[in-house]
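Trainee: I would like a close look at how the helices of this protein pack against one another. Could you take me through the contacts slowly, with the residues that make them?

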Amino acid sequence: MNSRLKLAKTISTFTNPPIICIPLFFIISLVLSINNLWDFPLMELISIIFASILPMAIILYWAKKTGNDKDISNRQDRFTPLVVGTVSYFIGFLVSIALGLNDFLTFLFLCYTINTFIVMIITTQWKVSIHTTGLSGPVCALIILLGPLGAIFALLYPVLIWSRVTLKKHTMAQAITGGVQGFFLTAIEMYLFIFLFNLDVGQVYPFLYVIGFILAIIFTPVVLGIFSYRKITNSLIFYLVEIIGLCFFLAVTPIDVTIIYVLTTAVSIYIANYAGERFEWYNIIR
C-alpha cells in the first residue's frame with residue numbers, strides 16, 4: 001500500500017461519522033455551555049451516546065453480520081444501519097427534550113435524524129457519501145455558532161472527497177453531493193426550527209451569512225466535480241472560473257467568507273496536486 005493510499009485510509013477512518021462527531025460535538029457542547037459549564041458534561045454525554053457510540057456499534061455489528069468492511073461498502077446493506085441510526089438520533093432528540101438540554105443541541109439531533117433519513121431514502125437508489133454528509137452536518141452547526149472559526153473545519157471537505165474517491169468507496173459525484181446536501185439541509189432545517197419553535201439558541205450568525213460560508217466551501221469542489229464529469233482538463237478555464245468566483249465573493253460577501261473561499265480553493269488545489277494523475281482533479285489544475 002503506497003503512502004497516498006495509507007493517508008487516504010487514515011483520513012477515511014478518522015472522519016467516519018461516529019468518530020468525527022466526537023471532537024465536533026465536543027466543541028459544539030463546549031460553545032453552548034460557555035456561560036454555564038455545569039451543563040457541558042450532560043450535553044457531551046448525550047452527544048457521545050446517541051451520535052457516536054450507538055451508531056458506531058450498529059455499523060460494526062452490521063458490517064460483521066453482512067461480511068462487509070466497516071464502511072459497509074455494499075449499498076444494499078446500508079439500509080438497515082441507516083434506519084437504526086435514524087432511530088438513534090431521534091431518541092437522542094427525545095432524551096434531550098426530556099432532560100431540558102440546550103435547544104440548539106436538541107434540534108441538531110433532529111437535523112441529524114432528518115438528514116440520515118434522507119440519506120437512507122437516497123441510498124435505495126444511489127450510494128451518496130455518508131462520510132461527507134457526516135462531516136458537513138456538525139461543521140454547519142459550528143458555522144452557525146462560530147462563523148469563520150467554525151468554517152475552518154470545512155477545509156476537511158475537499159480532503160475527504162479525495163480520500164473516499166481514492167479508496168474507490170464513492171464516485172466523485174457521490175462524495176461531493178454528500179457534503180453539499182449536509183451543509184444546506186442542516187442550515188435550512190436549523191433556522192427553520194429556530195423560526196417555527198422560537199428556540200432559545202442564544203447568539204447565532206445570520207442565515208444568509210452562513211449560506212455565504214457554505215457557498216464558499218463547496219464552490220471549488222463542485223467546479224472541479226463538474227469539470228471531472230465533463231472531462232474538461234483546460235486549467236486556464238478552471239482558473240478563470242475560480243477568479244470569477246473570487247470576484248463574486250469579494251463583491252457580495254464579507255471578507256471572512258472570501259478568505260474561507262480562498263482557503264478551500266487552496267486546499268482543493270493542493271490535494272489535487274498531491275494526489276497525482278490518478279485523481280481526476282489533477283489534470284484539471286495542471
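Mentor: What follows goes through three helix contacts in turn, with a word on confidence beforehand and an aromatic pair along the way.

Please keep in mind that this is a predicted model, with a mean pLDDT of 94 over the chain and 99% of the residues at 70 or more. Confidence is lowest in helix α3 (residues 40–66), where the mean is 88, and highest in helix α11 (residues 235–252), where the mean is 98.

Let us begin with helix α4 (residues 79–99) and helix α5 (residues 103–123), whose axes lie 8 Å apart and make an angle of about 165 degrees. Because angles over 145 degrees count as roughly antiparallel, α4 is described as roughly antiparallel to α5, and the crossing between α4 and α5 is left-handed. On the α4 side the contact includes Phe79, Leu82, Tyr89, Phe90 and Phe93, while the α5 side includes Phe107, Phe109, Leu110, Tyr112 and Phe117. Smaller names also appear in the list, among them Gly85 and Gly92 in α4. Sorted by class, the residues of the contact between α4 and α5 comprise 14 nonpolar, 8 polar and no charged.

A second contact joins helix α6 (residues 130–146) to α9, with an angle of about 35 degrees and axes 7 Å apart, and here α6 passes α9 in a right-handed crossing. From α6 the participants include Thr132, Thr133, Ser136, Gly137 and Cys140, and from α9 they include Gly178, Gly179, Gly182, Phe183 and Tyr191. This contact of α6 with α9 has 8 nonpolar, 10 polar and no charged residues.

Tyr191 deserves a second glance, and for that we turn to the aromatic rings, of which the whole structure holds 21 pairs. In one of these, Tyr191 and Phe207 are arranged edge-to-face, with 5.2 Å from centre to centre and 75 degrees between the planes. This pair links distant parts of the chain, since Tyr191 belongs to helix α9 (residues 172–197) and Phe207 to helix α10 (residues 207–230), 16 residues apart.

The third contact is that of helix α1 (residues 3–14) with helix α8 (residues 156–166), whose axes come within 9 Å and cross at roughly 115 degrees. The two helices, α1 and α8, are therefore roughly perpendicular to each other, and their crossing is left-handed. In α1 the residues involved are Arg4, Leu5, Leu7, Ala8, Ile11 and Ser12, and in α8 they are Val159, Leu160, Trp162, Ser163, Arg164 and Thr166. By class, the contact of α1 with α8 has 7 nonpolar, 3 polar and 2 charged residues.

Terms used. Residues are numbered from 1 along each chain as its sequence is written. This is a predicted model: local features need pLDDT of at least 70, side-chain atom pairs count only at pLDDT 80 or more; totals for chains, interfaces and linings use all residues. Side-chain values use heavy atoms; hydrogens and water are left out. Axes are lines fitted to C-alpha atoms, for helices over the stretch in contact, and angles run from 0 to 180 degrees between N-to-C directions. Helices (H or I, at least four residues) and strands (E, at least two) are DSSP runs, numbered from the N terminus. Angles under 35 degrees count as roughly parallel, over 145 as roughly antiparallel, 65 to 115 as roughly perpendicular and the rest as oblique. A crossing is left-handed if the near helix is turned anticlockwise from the far one by less than a right angle, and right-handed if clockwise. Contact means heavy atoms within 4.5 Å. Ala, Val, Leu, Ile, Met, Phe, Trp, Tyr, Cys and Pro count as nonpolar, Asp, Glu, Lys and Arg as charged, and the others, Gly among them, as polar. pLDDT is the predictor's confidence in each residue, from 0 to 100. Rings of Phe, Tyr and Trp (its six-membered ring) pair if their centres lie within 6.5 Å; planes under 30 degrees apart count as stacked, over 60 as edge-to-face and the rest as tilted.
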